[in-house]
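Student: I should like to learn how contacts, burial and helix faces are read from a model. Could we begin with the terms and then turn to the case at hand?

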Amino acid sequence: MMGHLKSDQGQLFYECELSDAVPEDHLVRKIDAALDLSWLRSELAPYYSTMGRPSIDPGLMIRMLVVGYVFAIRSERLICREVQVNLAYRWFCKLGIEDAIPDHSVFSRARNERFREGDVFRSVFERVVEACLAAGLVGGEGFAVDASLIQADANKQRSIAGQAWCRDRDPTRSSRTVKEYLATLDDTAWGAASDVVPKFVLPSDPAAQWTGAHKGPAFFAYSDNYLIDVKFGVIVDVEASRAGRGRRSKNHDRTDRRALRSQARAACWRYRLRGSSDAELAGRGERHRATYSPVRQVEAG
């Protein structure tokens, strides 16, 4: 007998647990079992006022951003929409069925203020790497490096000729993006590697570089550089840079954080990730044309 759907959705009360709607083999359950954010509130406490209206829980924002990263949801507006309608995402974010979803604007503000000042994203990333180390998912012997171009949200019509851009400007009178770029010009990944004047520059975001690396129409982009352990494909370090091919030499001071003892001896010169020690690189000769900063030291295992 052919069944018939009862389309009565007027029920006022439902008795159920949100976890019952999440399959046991769903990816969010595996992530939730491994993700520990118990340290987050204490680390961010200095960046919050002791008075005023309570803010959005930072753990909720991090979990929502993890959902966006894992499930390739690139827009923060769309992340909020998906968490609102997806019960599995709600369960992972520790939200009840009737809890309100934060507005998308809180992410931008937190990213540019408290999260940036507290270096929260780097802390979350490194703690995940440490968990992978403890679980034996990182071999520590073979590494690969790669870079991906991230297209900037930029309008070519608002750019200017490279010769018209002036680095000697007052940072205090500039926008946030310009201030951040000016502060990194001494880093080879952001401007010190080459004296070549770019063809076009965005006055509102000079860190975005005009590139035709995809052999098609040129566009403004950044470069996302990854160091990957080849045992299970775990990303163990990441650095953002301009989309050029200048070599890195600046050593970011993160010695207070635990990380890998890198043994990546054969890395392509155009990538700007930290590799093996200076002594090892010097011993391999000029043919590699590489200048790397030492990876932060830790006993693997």
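Tutor: Contact means heavy atoms within 4.5 Å. This is a predicted model, in which local features need pLDDT of at least 70 and side-chain atom pairs count only at pLDDT 80 or more, while totals for chains, interfaces and linings use all residues. Residues are numbered from 1 along each chain as its sequence is written, and side-chain values use heavy atoms, with hydrogens and water left out.

Student: Which residues does Arg 127 touch, not counting residues up to four places away in sequence?

Tutor: Arg 127 touches Trp 39 and Glu 43 under that restriction. Arg 127 is found in helix α8; helices (H or I, at least four residues) and strands (E, at least two) are DSSP runs, numbered from the N terminus. The C-alpha atoms of Arg 127 and Leu 37 are separated by 9.4 Å, although the two are 90 residues apart along the chain.

Student: Is Arg 127 buried, partly exposed or exposed?

Tutor: Buried means under 20% relative accessible area, exposed over 50%, and partly exposed in between (1.4 Å probe, protein chains only). With a relative accessible area of 38%, Arg 127 is partly exposed.

Student: How should one read the two sides of a helix?

Tutor: An α-helix has 3.6 residues a turn, so residues three or four places apart point the same way. In helix α1 (residues 27–34), the buried residues are Val 28, Arg 29, Ile 31 and Asp 32. They lie on the same side of α1 because they cover an arc of only 165 degrees around the axis, the arc being that of the directions from the helix axis to the C-beta atoms. Lys 30, Ala 33 and Ala 34, on the other side of α1, are exposed.

Student: What covers the buried residues of α1?

Tutor: The cover includes α3 (58–70) and α5 (87–92).

Student: Which members of the largest nonpolar core touch the most other members?

Tutor: A nonpolar core is a set of buried Ala, Val, Leu, Ile, Met, Phe, Trp, Tyr and Cys residues joined through side-chain atoms within 4.5 Å. The largest one has 32 residues, and Ile 62, Met 64, Phe 92 and Cys 93 touch the most other members. At least two residues of this core come from each of α1, α2 (40–44), α3, α4 (76–85), α5, α6 (105–112) and α8 (120–134). With seven residues, α3 gives the most to this core. A second, separate core of nine residues includes Trp 165, Tyr 181, Leu 185 and Val 201.

Student: Where is Ala 243 found, and what does Ala 243 touch?

Tutor: Ala 243 is in the loop between β6 (234–242) and α11 (278–283). Ala 243 is buried, with a relative accessible area of 12%. Leaving out residues up to four places away in sequence, Ala 243 touches Leu 149, Gln 209, Thr 211, Ala 221, Tyr 222 and Ser 223. Its C-alpha atom is separated by 7.8 Å from that of Trp 210, 33 residues apart along the chain.

Student: Finally, how is the chain as a whole summarised?

Tutor: The protein chain has 11 helices and six strands. Of its 301 residues, 36% count as buried. Among contacts with a separation of 6 or more, residues 24 or more positions apart account for 67%.
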